[in-house]
Structures are given as structure tokens and as C-alpha cells.
Amino acid sequence: MAAFASLLATSASAQTIGVSMALFDDNFLTVLRNGMIDYAKGLDGVTLQIEDAQNDVGKQLSQVQNFVASGVDAIIVNPVDTDATTALSQAAATAGIPLIYVNRQPVNVDDLPEKQAFVASDEKQSGTLQTQEVCRILKEAGKKDANAVVMMGELSNQAARVRTQDIKDVIATPDCSFIKIVEEQTANWSRTQGADLMTNWLSAGVKFDAVISNNDEMAIGAIQSLKSSGRSMNDVVVAGIDATQDALASMAAGDLDVSVFQNAAGQGKGAVDAAIKIAKGEKIEKKVYVPFELVTPANLKNYQAKN
């Protein structure tokens, strides 16, 4: 009887969570996904079913609908398009299945249905920390008039829009108003596209003192192009966001000047925790934030094992 009661208790606590990731082939999102997997391994009775939406909005909606049809206990979504999340919320809400958005803020974040929440980091911090440090470095170098180019993520993504606005807000302050944005274009979070965009700017003769990128991947692409062109990395400040391992290696080599640590594994853990709690009927905050942290060569060693 004791063994049977134990089996019933285990079955009652067992939970299956469907996870739809925007993309598997992305360094930061891989750390996020692995954070969920590693955390779930330490939980009794929790199973993750993880799908790759391959940056396809329709595929992601289909994945969520399939999770609903299969009767999962909760769903976690890393949105492909943050402006196209209403249909995902409706599908889960109609079925009464908890839905957690992770990392990328859904368009309806302030009006999420019951049993839905958002786990991420506050993007207002990311671009602000990044640009304030770029400003400090340029001032320390004696720059009184400086030009900057801005590499933006996917324009359909809320993080790209907020991070870009953060840059402009910092530059609008009296302390940093000596910086002028001379070019801003999207490179879609991609290292390859970041390299191509930088090559285009260099070919067009664009003059700049700083590269402010919405993420590390585009910043690394920019660095590759700059080095290929023969430009000394001592003459340009390059800033990214995420503090990925590749970015920290670039910083250790003296190429990347600034990054901002976004705790991918912490967001993954937080998303799984939120999904489990809501599935159990517990109340949680609608927005759960994991703080951003500035990373520079001075504190680099504190972050080299984190992402």
C-alpha cells in the first residue's frame, strides 16, 4: 500500500512542459534552452518536449497547437515574432493550459490572460548599461565629438526596438550628447549579417569611433570585418549584449570592449519554475525579471563560466 501511495504521489506531481524555441541555431538561445534542460533534469517527474520553430511564426503557432492537443501541463514559448504572440496566448488560454513567454517580450505582456507570465530581463537596462559604458570609454579617450554606428536586431523583435531606443536615450543626455549616430541598420542578430553590414559601411567610407550592437553576435561579425579591413581595434569601441562565451573570448583577446550579461540559464530556470507553479495553481508575478549586468575587461573573469 505504501509503495502504491508513493506511485500515485509521483504520478500526480509528474508534469510535461512543451517548449517552443524561436531558433536552435543561436548561441544565446542555446544557453537558454540548455538552462531549461539542465534544471529540469534535477526535478522529479518533469519532462520537457522542446521544438525548434526555425524562425517561422506559422511553425511556432502549429507547435503550440500541437502541445495543446497532446495535453501538456504547461507551455513555454521563446517567440519568433514578439508582435505575433496574441494567437499563441489565445490558443493556450482557450485550453486552460499555462503559458510562459521567455526572453522575448510578447506584444500583449501587459494584458496576458490568466495562467500566463513573462520571464526575461528588463531590456531598459541592457542598452542603457551598454551605451553608458561606451560613452565613458570615449570620454576617457578624450573624444569631444564622436560618431557611432548602431547594429539592430530583427525589427519585429521587441528587444531590438527597446535596446536601440536605450542607445538613443543615453546619447540624448548631456553627459553623452557628444556622440552622434551616423548609421543604424538591422543585421538580424546574425554574426554573418553583422560582418556584411560592417563591410558595406567601410566600403561606403562611413567614419565612426564606436559600434553599438544590439547583441554580441552582430558585434563579433563587425569585429571580424574591421580586422579583415586592417582597422586597429584600438581605434574603435565595440559593444554588444549577452556576454556569450564567444563574446567573452573576443573581449579577452582585446577586441570587444563592452558586453552586458544576460543570464540565459537563469531565464531558462525561471521559465520552468513559473510553468510548474502555475500548473500547480500557484500565483506568480506576471513579469519576472532577471537583472542585466555590465561586463568589461575589468570584471571579465567573473563571467567567463556563466554563459
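A polar contact is a pair of N or O atoms within 3.5 Å; within protein, one atom must be able to donate a hydrogen and the other to accept it, and residues adjacent in sequence count only if both atoms are side-chain atoms. The legends below describe a predicted model, in which local features need pLDDT of at least 70, side-chain atom pairs count only at pLDDT 80 or more, and totals for chains, interfaces and linings use all residues. Residues are numbered from 1 along each chain as its sequence is written, and side-chain values use heavy atoms, with hydrogens and water left out.

**Figure 1. S213 and its surroundings.** The side chain of S213 reaches the backbone oxygen of N215 at 2.6 Å. S213 belongs to strand 8, residues 210–213. Strands (E, at least two residues) and helices (H or I, at least four) are DSSP runs, numbered from the N terminus. S213 counts as buried because its relative accessibility is 0%. Buried means under 20% relative accessible area, exposed over 50%, and partly exposed in between (1.4 Å probe, protein chains only). Leaving aside neighbours within four places in sequence, S213 is in contact with Q130, M151, M218, A219, A239, G240 and I241. Contact means heavy atoms within 4.5 Å.

**Figure 2. The sheet that holds strand 8.** This open sheet has 4 strands in the order 7-6-8-9, with parallel pairing. Two strands pair if DSSP finds at least two bridges between them. Strand 7 (179–186) and strand 9 (237–239) stand at the edges; each has a single partner strand, so one side of each lacks a neighbour in the sheet. From one strand to the next, the twist averages 15°. Strand 6 (residues 146–152) and strand 8 run parallel and are joined by 4 bridges. Opposite V149 stands V211 in strand 8. Helix 7 (residues 191–203) packs on the sheet and touches strand 6, strand 7 and strand 8. The direction of helix 7 makes about 145° with that of strand 6. For such angles, axes are lines fitted to C-alpha atoms, for helices over the stretch in contact, and the values run from 0 to 180 degrees between N-to-C directions.

**Figure 3. T192 and W189.** T192 lies in helix 7. Is T192 buried or exposed? T192 counts as exposed, because its relative accessibility is 55%. The C-alpha atoms of T192 and M218 are separated by 7.5 Å, with the two residues 26 apart along the chain. W189 sits in the loop between strand 7 and helix 7. Phi of W189 is near 70°, a positive value in a residue other than glycine. At 11% relative accessibility, W189 counts as buried.

**Figure 4. D242 in its loop.** D242 is found between strand 9 and helix 9 (245–252), in the loop. D242 is not a glycine, yet its phi is positive, at about 130°. With a relative accessible area of 6%, D242 is buried.

**Figure 5. The sheet of 6 strands.** Here the strand order is 2-1-3-4-5-11, in an open sheet with parallel pairing. Which strands stand at the edges? Strand 2 (46–52) and strand 11 (287–289) do; each has a single partner strand, so one side of each is left without a neighbour in the sheet. The twist averages 20° from one strand to the next. Strand 4 (residues 99–102) pairs with strand 5 (residues 116–120) in the parallel sense over 4 bridges. There, Y101 has F118 in strand 5 as its bridge partner. Helix 3 (residues 57–70) packs on the sheet, touching strand 1 (15–21), strand 2 and strand 3 (74–77). The direction of helix 3 makes about 170° with that of strand 1. Helix 10 (residues 264–279) also packs on the sheet, touching strand 1, strand 2, strand 3, strand 4 and strand 5. The direction of helix 10 makes about 165° with that of strand 5.

**Figure 6. Strand 3, covered on both faces.** A74 and I76 on one side of strand 3, and I75 and V77 on the other, are all buried. Strand 1 and strand 3 run parallel, joined by 4 bridges. V19 stands opposite I76 in strand 3. Strand 3 also pairs with strand 4 in the parallel sense, over 3 bridges. I76 stands opposite I100 in strand 4.
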